[in-house]
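Trainee: I'm new to this one. Could you walk me through it and let me ask how each label is earned?

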Amino acid sequence: MKFNNILTIAALAVSTLFAASCSRQVTRVSTDQTIDVSGNWNNSDSRMAAEELTGKILGASWIETHQADHQGKKPVVIVGFVQNKSHEHIDAETFLKDIESSFIQTQKVRLVQGGKKREELRAEKADQQTNATVSSMKQFGLENGADYILQGSINSIVDSHKRQKVVYYQVNLELTNIQTNEVVWIGEKKIAKYVKN
């Protein structure tokens, strides 16, 4: 009888500890608040890199040079591929969408679709050739050609010893004149994090 009581108390204690260790608390936070849980690339890094690089690219002289050479017309930009060369899985799409959004909001440049989205648009035009009325059908060969392409890379260096590490990220972007292959702008954003376990 005494042994059964001890087993019951022990089982209750273990189940209480198990329940307490499995409980999870979720708190909503502001999307522009910087919270580093793992020390890896996160939404704050993506946002900071996009904001700084967008400010640099839209404030550079290449826009005025283009307008002077093309009767005041805004440059047309396509956002190309940003290669992840870092040690982590980094999806550059959120970072690139922030840049594209700034291009649209400032109205300093014109933005055209690239990659898979452009292919989807072309497929829709092809479908319309068969299935849409002649008056609503969109024609091939009327796309705005891009003047410049934005490309880049995300790199990282990790220096670690025992329970400490420094993670260094560098985002590089280049804007190239598609007609001449001339690089008209280069920008970078560096982020360093010290992580101690």
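Trainee: How many helices and strands does the protein have, then?

Mentor: The protein comes to 5 helices and 5 strands. Keep in mind that this is a predicted model. From the N terminus the elements run α-α-α-β-α-β-α-β-β-β.

Trainee: In what order do the strands sit in the sheet?

Mentor: The order is E2-E1-E3-E4-E5, in an open sheet with mixed pairing. Neighbouring strands of this sheet are turned by 25° against each other on average, direction ignored.

Trainee: Why are E2 and E5 said to stand at the edges?

Mentor: Strand E2 (110-112) and strand E5 (183-196) each have a single partner strand, so one side of each is left without a neighbour in the sheet.

Trainee: What makes E3 and E4 a pair?

Mentor: Pairing takes at least two bridges between two strands. E3 and E4 are joined over 14 bridges, in the antiparallel sense, so they pass that cut-off. One of the matches is Ile-149 with Thr-176 in E4.

Trainee: And how do you know that E4 and E5 pair?

Mentor: By the count of bridges again: 13 of them join strand E4 (residues 164-177) to E5, and the two run antiparallel. The bridge partner of Val-171 in E5 is Lys-189, and Val-167 stands opposite Lys-193 in E5.

Trainee: What sits between the strands of these hairpins?

Mentor: The hairpin of E3 and E4 has 2 residues between its strands. The hairpin of E4 and E5 has 5 residues between the strands, and Asn-181 there takes a positive phi near 65°.

Trainee: What stands out about Lys-162?

Mentor: Lys-162 lies in the loop between E3 and E4. Its phi is near 55°, a positive value in a residue other than glycine.

Trainee: Why is Lys-162 called exposed?

Mentor: The cut-off for exposed is over 50% relative accessible area. Lys-162 has 78%, so it counts as exposed.

Trainee: Where is Gln-107, and what is its phi?

Mentor: Gln-107 is in the loop between H4 and E2. Its phi is near 60°, again a positive value in a residue other than glycine.

Trainee: Why is Gln-107 called partly exposed?

Mentor: Buried needs under 20% and exposed needs over 50%. Gln-107 has 45% relative accessibility, so it falls in between and counts as partly exposed.

Trainee: What about Glu-64 in helix H3: what makes it partly exposed?

Mentor: Its relative accessibility is 48%, so the label is partly exposed too. The C-alpha atoms of Glu-64 and Lys-74 are 8.9 Å apart in space, with their positions 10 residues apart in sequence.

Trainee: How do you know that Val-195 is buried?

Mentor: Val-195, found in strand E5, has 13% relative accessibility. That is under 20%, so it counts as buried.

Trainee: Which residues does Val-195 touch?

Mentor: Not counting residues up to four places away in sequence, Val-195 touches Ser-38, Gly-39, Arg-163, Gln-164 and Lys-165. Gln-164 is 31 residues away along the chain, yet its C-alpha atom is 5.7 Å from that of Val-195.

Trainee: How much of the protein is buried?

Mentor: Buried residues make up 30% of the 197 residues.

Trainee: What is the nonpolar core made of?

Mentor: In soluble globular proteins, nonpolar side chains tend to be buried together. Here the largest nonpolar core has 29 residues, and those with the most contacts inside it are Trp-62, Phe-95, Phe-103 and Trp-185. Among the elements that each supply at least two residues of this core are helix H2 (43-59), helix H4 (93-106) and strand E3 (148-161).

Trainee: What does Phe-103 contact?

Mentor: Leaving aside neighbours within four places in sequence, its contacts include Ile-57, Leu-58, Val-77 and Leu-150.

Trainee: Why are H2 and H4 called oblique to each other?

Mentor: They pack at an angle of about 40°, with their axes 9 Å apart. Roughly parallel would need an angle under 35 degrees, and roughly perpendicular 65 to 115. The angle of about 40° fits neither, so H2 and H4 are oblique. Their crossing is right-handed. Residues making the contact include Ala-50 and Leu-53 of H2, and Phe-95 and Ile-99 of H4.

Note on methods: Residues numbered from 1 in each chain as written. Predicted model: local features only at pLDDT ≥ 70, side-chain atom pairs only at ≥ 80, totals over all residues. Heavy atoms only, no water. Helix = DSSP H or I, 4+ residues; strand = E, 2+ residues; numbered from the N terminus. Axes fitted to C-alpha atoms, helices over the stretch in contact; angles between N-to-C directions. Core = buried A, V, L, I, M, F, W, Y, C linked by side-chain atoms within 4.5 Å. Buried < 20%, exposed > 50% of the residue type's maximum accessible area, 1.4 Å probe, protein only. Contact = heavy atoms within 4.5 Å. Left-handed = near helix turned anticlockwise from the far one by under 90°.
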